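I opened a fresh page to go through this one piece by piece. Here is what I'm looking at.

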Amino acid sequence: MTSATIIGQRRPVTGPLLLLLAGMGALLAGCQSPGRESPELARQRAEAAAEAPAVPDGQIDEQIHRLWKEKSPEMNSRLNVTVDRGEVLLTGNARDPDMRVDAVRLAWQADGVRKVLNEIKIADESSLSDSATDAWISTKLWAALLLDGQVRSSNYSIETVNQVVYIMGVARSGVELEAVLQHARELPRVRQVVNYVRR
């Protein structure tokens, strides 16, 4: 049995008094100022909010398939979509470079998309005048975006077809978008820059 000293006297703490003290201790341990939360709870809440997608992955997937169907029903039979926390992976075999560009452009139009990873192959590459030049242009542009501290390169997708650069994604600002477009325009051998970026 536990005892307590009350003004010089020792008295045993009995069951009801012990329960009352234990309850008050638990109550006081959980007390905080109104409207304030512990730093740990605030950190956990912020991490959960950052991880949770604004739009559920299933809805993003449905939007992309709907957009593809409106453009060309063939897209849904040739191409695949996988969505994970707002990041979209595109795979499959496009009929031609135009279908591939359209697939990526339309994927970026779906609400909640944070990133598009394009792994679509082109079934008929006979329409490509110089795929080595196109690959060189895309690589150079990616390098310029990665080195530019004012640009979040993960917000963009780049396709180069017959020396025409297609830029898709979401710009954080008009200044960032103009920087991206300027990098593309400055590259040698680029015939045209097509902007499909949304803000």
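Below are my notes on a sheet, a few ring contacts and a nonpolar core.

**Entry 1: what I'm working with.** Note to self: this is a predicted model.

**Entry 2: the sheet.** I looked up an open sheet of three strands and wrote down its order, β6-β7-β8, with mixed pairing. Which strands stand at the edges? They turn out to be β6 (156-161) and β8 (192-198). Each has a single partner strand, so one side of each is left without a neighbour in the sheet. I also checked the twist: neighbouring strands are turned by 15° against each other on average, if I ignore direction.

Next I went to β7, which covers residues 164-170. How many bridges join β7 to β8? I got seven, and the two strands run parallel. For a landmark, I noted that I167 is opposite N195 in β8.

**Entry 3: helices on the sheet.** Two helices went into my sketch here. Helix α6 (residues 131-147) packs on the sheet and touches β6 and β7. Its direction makes about 155° with that of β6. Helix α7 (residues 174-186) packs on the sheet too, touching β6, β7 and β8. For α7, I wrote down an angle of about 160° with the direction of β8.

**Entry 4: rings.** I searched the whole structure for aromatic pairs and came back with one. Y166 and Y196 are the partners, and they are stacked, with 6.4 Å centre to centre and 5° between the planes. Y166 belongs to strand β7 and Y196 to strand β8, so I looked at how the pair links distant parts of the chain: the two are 30 residues apart.

Are these rings buried or exposed? Y166 is buried, at 14% relative accessible area. Y196 comes out at 34%, so I put it down as partly exposed.

**Entry 5: charges over rings.** What lies over the face of Y196? I found R105 there, 5.0 Å from the ring centre. I jotted down another case: the charged end of R189 sits over the ring of W136, at 5.5 Å from its centre.

**Entry 6: the core.** In soluble globular proteins, nonpolar side chains tend to be buried together. With that in mind, I looked up the largest nonpolar core, and it has 28 residues. The members that touch the most others are I60, I64, W68, L79, V88, L90 and V116. Elements that each supply at least two residues include α3 (57-71), β3 (79-84), β4 (87-94) and β5 (115-122). β7 is on that list as well. Which element gives the most to this core? My answer is α5, with seven residues.

Definitions and conventions: Residues are numbered from 1 along each chain as its sequence is written. This is a predicted model: local features need pLDDT of at least 70, side-chain atom pairs count only at pLDDT 80 or more; totals for chains, interfaces and linings use all residues. Side-chain values use heavy atoms; hydrogens and water are left out. Two strands pair if DSSP finds at least two bridges between them. Helices (H or I, at least four residues) and strands (E, at least two) are DSSP runs, numbered from the N terminus. Axes are lines fitted to C-alpha atoms, for helices over the stretch in contact, and angles run from 0 to 180 degrees between N-to-C directions. Contact means heavy atoms within 4.5 Å. Rings of Phe, Tyr and Trp (its six-membered ring) pair if their centres lie within 6.5 Å; planes under 30 degrees apart count as stacked, over 60 as edge-to-face and the rest as tilted. Buried means under 20% relative accessible area, exposed over 50%, partly exposed in between (1.4 Å probe, protein chains only). A charge sits over a ring if NZ of Lys or CZ of Arg is within 6 Å of the ring centre and within 35 degrees of the ring normal. A nonpolar core is a set of buried Ala, Val, Leu, Ile, Met, Phe, Trp, Tyr and Cys residues joined through side-chain atoms within 4.5 Å.
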